[in-house]
Amino acid sequence: MPNQSSLSPGQALGRWVVHVLIFILAGGMAAGGSALVYESISSAENPLGLYGVIFAAGGLIAYRLAERVMEADTSP
C-alpha cells in the first residue's frame, strides 16, 4: 500500500471526488444497461433490489480499478 501521507489535503480531496464520480458513473451504467437488457427480454416487473446490487458491484469494481491506476501513476 502506498504512503498516503505524501498527499496534500487538496490532492486527497480531489482523489476522493474522482473516486466517487467513477463509482457513481460506472455503477449507474452497469445498473442502467442491465435494466435495459432485462426489460427488452422480460415483460415482468423490474427487480429494483437487483439493480441496487448491480449498481454497487459495478461501482466498487470501477473504484478499485481506478485506485490501482492512480497508485501505479504515483509509484516511483
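These are my notebook entries on a predicted model of a protein chain.

**Entry 1: the overall picture**

I began with the secondary structure, and I found that the protein chain has two helices and zero strands. I then looked up how much of the chain is covered, and I noted that buried residues make up 16% of its 76 residues. The accessible surface comes to about 5500 Å², and 70% of that surface belongs to carbon and sulfur atoms. Turning to contacts between residues at least 6 apart in sequence, I saw that 69% of them join residues at least 24 apart.

**Entry 2: helix H1**

I next followed helix H1, which covers residues 9-41. H1 has 33 residues and reaches 48 Å from its first C-alpha to its last, which is close to the 48 Å expected at 1.5 Å a residue. Which residues of H1 are buried? I listed Arg15, His19, Ala26, Gly27, Ala31 and Ala35.

I picked out His19 for a closer look, as a residue found in helix H1. I wrote it down as buried because its relative accessible area is 6%, and the cut-off for buried is under 20%. Leaving aside neighbours within four places in sequence, I found His19 in contact with Tyr63, Ala66, Glu67 and Met70.

**Entry 3: a nonpolar patch on the surface**

I then looked at the outside of the model, where Leu13, Trp16, Val17, Leu21 and Leu25 make a nonpolar surface patch of about 530 Å². One of these residues, Leu25, lies in helix H1, and I counted Leu25 as exposed because its relative accessible area is 57%, where exposed means over 50%.

**Entry 4: the aromatic pair**

I searched for aromatic rings that pair, and the count came to one aromatic pair. Phe23 and Phe55 form this pair, which is edge-to-face, with 5.8 Å from centre to centre and 85° between the planes. The pair links distant parts of the chain, since Phe23 is in helix H1 and Phe55 is in helix H2 (residues 48-74), 32 residues apart. Are the two rings' residues buried, partly exposed or exposed? I noted Phe23 as partly exposed at 25% relative accessibility, and Phe55 as partly exposed with a relative accessible area of 29%.

**Entry 5: Gly59 in helix H2**

I moved on to Gly59, which lies in helix H2, and I recorded that it counts as buried because its relative accessibility is 0%. Leaving aside neighbours within four places in sequence, Gly59 is in contact with Phe23, Ala26 and Gly27; of these, Ala26 and Gly27 are among the buried residues of H1, whereas Phe23 is partly exposed. I also looked up the C-alpha atoms of Gly59 and Ala30, and I found them separated by 8.1 Å, although the residues are 29 apart along the chain.

**Entry 6: the salt bridge**

My last search was for charged partners, with the general idea in mind that side chains of opposite charge can pair when their charged atoms come close. How many salt bridges does the structure hold? I found one. Arg64 forms a salt bridge with Glu67, and their closest N and O atoms are 3.5 Å apart. Because Arg64 and Glu67 are three residues apart in helix H2, they are separated by about one helical turn. In general, an α-helix has 3.6 residues a turn, so residues three or four places apart point the same way. I noted Arg64 as partly exposed, with a relative accessible area of 46%, and Glu67 as partly exposed at 23% relative accessibility. I also came back to Glu67 as one of the contacts of His19.

How values were computed:
Residues are numbered from 1 along each chain as its sequence is written. This is a predicted model: local features need pLDDT of at least 70, side-chain atom pairs count only at pLDDT 80 or more; totals for chains, interfaces and linings use all residues. Side-chain values use heavy atoms; hydrogens and water are left out. Patches are made of residues with over 30% relative accessible area and no salt bridge: like charges are joined within 9 Å, nonpolar side chains (Val, Leu, Ile, Met, Phe, Trp, Tyr) within 5 Å. Accessible areas come from the Shrake-Rupley method with a 1.4 Å probe; for residues, only the protein chains shown count as cover. A salt bridge is a side-chain nitrogen of Lys or Arg within 4 Å of a carboxyl oxygen of Asp or Glu. Helices (H or I, at least four residues) and strands (E, at least two) are DSSP runs, numbered from the N terminus. Buried means under 20% relative accessible area, exposed over 50%, partly exposed in between (1.4 Å probe, protein chains only). Contact means heavy atoms within 4.5 Å. Rings of Phe, Tyr and Trp (its six-membered ring) pair if their centres lie within 6.5 Å; planes under 30 degrees apart count as stacked, over 60 as edge-to-face and the rest as tilted. The expected span of a helix is 1.5 Å times one less than its number of residues.
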